[in-house]
Amino acid sequence: MFGLIGHSTSFDDAKKKAMDLGYDHIAQGDLDVWCSAPPQLVEHVNIVSAIGKNIEGAYIDSCFVPEMLGRFKTARRKVLNAMELAQKKGINITALGGFTSIIFENFNLLQNKQVRNTTLEWERFTTGNTHTAWVICRQLELNAPLLGIDLKKARVAVVGATGDIGSAVCRWLSERTGVQELLLVARQQQPLIELQKSLGGGKILGLEDALPEADVVIWVASLPKTLEIDKAKLRKPCLMIDGGYPKNLDEKFNGSGVHVLKGGIVEFFTDIGWSMMELAAMEKPRREMFACFAEAMLLEFEGCHTNFSWGRNNITLEKMDFIGQASEKHGFSVIGLNPKLQAAI
Ligand code: NDP
């Protein structure tokens with residue numbers, strides 16, 4: 001069985017969903033009540049892949065909401081409790097979705113193997129970042145040419161280049177896709193210099209300087225909502241792949257030759273009988289999902305019960321090949337630019 005640990009995109013959404021599911025006592029509570037609410041296994045699902053493999057899964061809501069990010073102990077407890085529940089339910093491989101993988105890494109939860117009387121078995125969990133990185137690369141390769149961008153002549157900025165997903169994307173783009181130049185963007189200089197060395201190229205730039213030079217911008221950093229960018233300075237056309245979480249770039253950039261694509265999202269070939277992706281505000285919630293969630297499904301389809309994506313900057317091209325091939329074989333495709341928008345180009 002595979003598992004997905006997720007959460008609502010806001011406190012208001014979480015309360016609405018809890019009401020729909022009949023958890024009225026929690027739904028009516030304030031943020032303090034939600035801080036002490038335990039995780040809930042809210043849905044079981046059965047899925048048959050495009051080649052006829054049948055698997056079962058479960059969705060666990062961690063009862064975390066982004067409004068809790070500032071409460072370190074709460075965020076930590078929410079993630080660990082959800083992982084404990086997944087393990088106690090006997091789930092073989094569970095993806096940490098949304099902010100949960102970021103909390104796990106940034107708060108160094110590897111040190112917290114013991115949750116009450118449960119010793120967490122890390123091999124039962126994956127961040128899903130290998131599949132996310134592969135999906136973002138394929139989205140770039142498939143959609144840039146639709147906008148008339150020739151990748152061999154293109155400059156591609158990776159914002160969050162030194163991160164787990166960003167560094168994997170950089171490796172793939174320099175070794176497999178072959179773009180003209182990679183623009184490496186992050187705040188800390190030393191990891192950028194090390195990445196540049198390991199890639200054997202790439203130009204280190206600040207965000208302000210990178211954006212006007214880029215034909216494609218891959219965003220794989222959680223950026224503040226308040227970030228101001230002057231649209232007039234961007235190249236036209238420009239493809240923006242919004243791989244961060246939350247996905248909040250379309251309202252900033254859409255229109256006038258700047259095309260925003262939701263990064264790291266895949267579509268399954270047929271409807272799935274779950275309602276949980278409505279929480280994640282997917283356009284087709286019966287088919288679309290975060291690539292990190294799909295990674296847990298793929299590992300279950302492949303009988304690969306191991307923490308496939310784990311730690312930081314461990315994603316290899318071979319692992320991306322494996323998960324990418326599994327993705328296509330079992331019926332996932334990467335989501336592309338809005339067809340209405342394409343028709344207008
Ligand atoms: P990491 O923490 O490993 O990396 C974050 C990167 O962003 C680092 O390079 C960091 O470098 C950089 N960064 C952070 N803040 C800024 C800033 N203000 N300006 C420029 N660079 C910045 O994260 P992951 O690789 O695990 O995840 C990256 C993003 O992808 C996250 O937002 C995550 O939520 C999202 N994600 C999306 C998924 C999906 O949509 N399917 C699935 C999984 C993750 P530095 O600190 O030096 O600036």
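In this predicted model, the shell around the ligand comprises eleven nonpolar, eleven polar and four charged residues when its members are sorted by class. In total, 26 residues surround the ligand, and the closest of them are T162, R187, S222, K247 and R312. The shell is drawn from both parts of the protein, since domain 1, which spans 2–129 together with 267–327, and domain 2, which spans 130–265 together with 335–344, each supply at least three residues.

The space that the ligand takes up is the largest pocket of the model. With regard to secondary structure, the elements that contribute two or more residues to the shell around the ligand are the helices α6 (129–143), α7 (164–177) and α11 (291–301).

Several polar atoms of the protein are placed within a few ångströms of the ligand, and two of the closest residues, R187 and R312, are among those that provide them. For R187, an N or O atom of the side chain is found 2.7 Å from an oxygen atom of the ligand, while for R312 a polar side-chain atom lies 2.8 Å from a ligand oxygen atom. The backbone takes part as well, in that a polar backbone atom of G264 is 2.9 Å from a nitrogen atom of the ligand. The extent to which the ligand is enclosed can also be expressed as an area: on its own the ligand has 920 Å² of accessible area, and the protein covers 88% of this.

Two features of the backbone geometry were also identified, each of them in a loop. The peptide bond that joins K236 and P237 is cis, with an omega of about 0 degrees, and P237 is located in the loop that runs between the strands β11 (216–219) and β12 (238–242). The second feature concerns N108, which has a positive phi of about 50 degrees although this residue is not a glycine; N108 is situated in the loop between the helix α5 (99–106) and the strand β5 (114–115).

Note on methods
Residues are numbered from 1 along each chain as its sequence is written. This is a predicted model: local features need pLDDT of at least 70, side-chain atom pairs count only at pLDDT 80 or more; totals for chains, interfaces and linings use all residues. Side-chain values use heavy atoms; hydrogens and water are left out. A residue is near a molecule or strand if one of its heavy atoms lies within 4 Å of it. A polar contact is a pair of N or O atoms within 3.5 Å; within protein, one must be able to donate a hydrogen and the other to accept it, and residues adjacent in sequence count only if both atoms are side-chain atoms. Accessible areas come from the Shrake-Rupley method with a 1.4 Å probe; for residues, only the protein chains shown count as cover. On a 1 Å grid over the protein atoms alone, a cavity is a set of points where a 1.4 Å probe fits but cannot get out, and a pocket is an open set with protein on both sides within 12 Å along at least five of seven lines; lining residues have an atom within 4 Å of a point. A molecule sits in a cavity or pocket if more than half of its atoms lie within 2 Å of its grid points. Helices (H or I, at least four residues) and strands (E, at least two) are DSSP runs, numbered from the N terminus. Ala, Val, Leu, Ile, Met, Phe, Trp, Tyr, Cys and Pro count as nonpolar, Asp, Glu, Lys and Arg as charged, and the others, Gly among them, as polar. Domain bounds come from an automatic or database domain assignment.
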